[in-house]
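Hi there,

Here is the structure I promised to pass on to you. Have a look at it first, and then read on for what turned up in it.

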Amino acid sequence: MLPAALLLVAGGGVGYWYLSQPVAKPIPPEIAKPIVQSKIDVPKVAFADVTAAAGITFRHVNGSVGKKLLPETMGGGVAVIDFDNDGKQDLLFVNSCPWPGHATMPRSTPVLYRNRGDGTFEDVTVKCGLDVEMYGMGVTVGDYDNDGFPDLFISCIGKHHLFHNEGGKGFRDVTPEAAVGGPADLPNCSWDEFLKWDKPIPFGASCTFVDYDGDGLLDLFVCHYVNWSPRADLGVSTTLGGVSRAFVGPAEFDGSQCSLYRNIDGKRFEDVSVAAGVLVTSLDGTGPKAKARAMGKSLGVVVCDPDEDGWPDLMVSNDKVRNFFFHNVAGPDGTRVFKEMADDVSASYADAGVVRAGMGIDWGEYAPGKSAILIANYAQESNTFLRVSNKRPLRFNDAALGVGLLGPSRGPLKFGAIFLDYDNDGRLDLLTCNGHIEPDITKIVGGQTFEQPIQLFWNTGEATRTFEPVEAGSNSETLFRPLVGRGVATVDFDNDGDADIVLAGNGGPARLLRNDQALGNHYIRLTLNGDGKRSNRSAIGAVITVEVGDRTIHRQVAGARGYLSQSEFPVTVGLGTATKIDKITVRWPGKASTEPQVWTNLAPDRSWTLTHGEPAAK
């Protein structure tokens, strides 16, 4: 007799929990005693929760009124942006809003905080023209018109929004003229009508600016999660432990497609998703009547160049379908296009043929000459760690076991995922921002909670067991206080040379955590400015090489990364105990950028501005 089963459908897929039934007692196999490795000492670094003291009162609104619609549990993101170019990093929190038919509920909009430079922030949302109600999800920052001021794009459920920075004084919504809003918006109707709405509503997720064709103008890539409508969502009968409704998982929806918008002239974009090769389909059935279906269920994207050919590639993490790797290749008539080849480079899966629930994603050099893509996965799935095993021809392999992530990272439900050097020793550590999708998960699954602590792994510098878990007892307790975590970003908001952390929670407050490390390690902080002609002004895609004694460290200016979020543009490079920098080389993005630029006179423990074609400035 088979045991009875309870079904739970969640954002990471379908899980079964079995009721106990009398079964024959099996003979236990002989199992060798496990080899227990001693813990590695982790540097003591304290983080202080300064959210309230800094004046940050943001609380994410997901619009939930008890129906458990899938978008309610997936947001939201956070972006770091120096919108007024005063050298102090500001914070933009993405917000959702009440669903149609709930006009009596309080308005909710994105919130922009200006950094005063004294450890506090002021809410300048209304003053800067960002008090626009939308069901926001992801965010990316980039100077798409090369006027010297960073602009904002917010992906949404419904119409996306592009905001032009008006000379550091505020923002103007230019979505219609820029043509990046997407095919449809949320309907303007009653709540009852909305629940019956069966037309697909765009489900935006992570997004990033990237100059894929090297013309010096930033283009825009937008992930979409699933083909979603309220009626389709409510049409799936799911229960949590057989009692209450559960959030519907991605397996119950058709896939969706990513979008690529090419920047035409710094004002307008054109949708080149088809021509540039970012639409991925699979055949439903066989023969001439087989129907092509959208394959993606995309949540995360990061710009990378693992084969180091100078052209930006894109890695996309998908939820319960294989991942995508878009390789930037030459197209017809001098154009650039993407070839989706995750299968060819062994990046589709961590385990052969076994899909995981991919959320946040990042890319970085975790050891000298060794780079990897980090993907945050669902509960009871370890982080995916796709290490570059060969550059040409390009190949990846999942090294989570070898670097020490396989077991320790399995437990939590992970969303945000970033590399960061939190102790300035020159090695990239990693952090995931965690939280479940089901408020009552504890009643069903032992060991799982709705609010979950972050996971932080220190980079040991060793070839094996590269990442050592940082425990709450060895760091500030505030760092590990549980939350329903989603987006995460790094920011040096107090300009003291180390990485502070911003955490975004779903349906709850955000957190700003100040890094109070006092290990005596040195650093150099670099703000890169493209010339706006050969290279984009934000310098997204620039590769920095820092040579210190016998060490060579590589870092990249990234667009959005993590999950629905964007960290700061300035790059802080930890130097450890070194007090002298031998050489800094910058390979600028753009097809017209030829020779790398070299600096040999930059002192450590301070900030420098490097501009394409010009000497270093303070």
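Before we get to the pockets, one definition will help: Ala, Val, Leu, Ile, Met, Phe, Trp, Tyr, Cys and Pro count as nonpolar, Asp, Glu, Lys and Arg count as charged, and the others, Gly among them, count as polar. Please also keep in mind that this is a predicted model.

With those classes in hand, the lining of the largest pocket divides into 17 nonpolar, 12 polar and 14 charged residues. This pocket has a volume of about 880 Å³. It is lined by 43 residues, and the closest to its centre are Leu-428, His-554, Arg-555, Gln-556 and Val-557. Several strands give two or more residues to this lining, including strand 20 (298–304), strand 28 (414–420), strand 37 (551–556) and strand 39 (583–587). Strand 24 provides the largest share, with 4 residues.

The second largest pocket holds about 610 Å³ of space. Of its 28 lining residues, Asp-82, Asn-85, Thr-527, Asn-529 and Pro-570 lie nearest the centre. At least two lining residues come from each of strand 4 (78–81), strand 35 (522–529) and strand 41 (607–611). Strand 35 gives the most, with 5 residues. By class, this lining has 10 nonpolar, 11 polar and 7 charged residues.

What about enclosed space? The count comes to 1 cavity of 30 Å³ or more. The largest cavity contains about 80 Å³ of space. Its lining has 14 residues, with Asn-323, Ser-348, Ala-350, Arg-356 and Asn-377 the closest to its centre. That lining is made up of 6 nonpolar, 6 polar and 2 charged residues.

Now for the chain as a whole. The protein chain has 3 helices and 41 strands. Its radius of gyration is 23 Å, close to the 25 Å that the globule rule gives for 618 residues, so the chain is as compact as a globular protein of that length. Along the principal axes, the C-alpha atoms fill a box of roughly 75 × 60 × 55 Å.

How much of the chain is buried? Of the 618 residues, 59% count as buried. The chain exposes about 24300 Å², and carbon and sulfur atoms supply 53% of that area. Among contacts with a separation of 6 or more, 62% are between residues 24 or more positions apart.

Best wishes

Notes: Residues are numbered from 1 along each chain as its sequence is written. This is a predicted model: local features need pLDDT of at least 70, side-chain atom pairs count only at pLDDT 80 or more; totals for chains, interfaces and linings use all residues. Side-chain values use heavy atoms; hydrogens and water are left out. On a 1 Å grid over the protein atoms alone, a cavity is a set of points where a 1.4 Å probe fits but cannot get out, and a pocket is an open set with protein on both sides within 12 Å along at least five of seven lines; lining residues have an atom within 4 Å of a point. Grid points are joined across faces, edges and corners, and a volume is the space filled by probe spheres set on the points. The radius of gyration is taken over C-alpha atoms; the globule rule is 2.2 Å times the number of residues to the power 0.38. Buried means under 20% relative accessible area, exposed over 50%, partly exposed in between (1.4 Å probe, protein chains only). Contact means heavy atoms within 4.5 Å. Accessible areas come from the Shrake-Rupley method with a 1.4 Å probe; for residues, only the protein chains shown count as cover.
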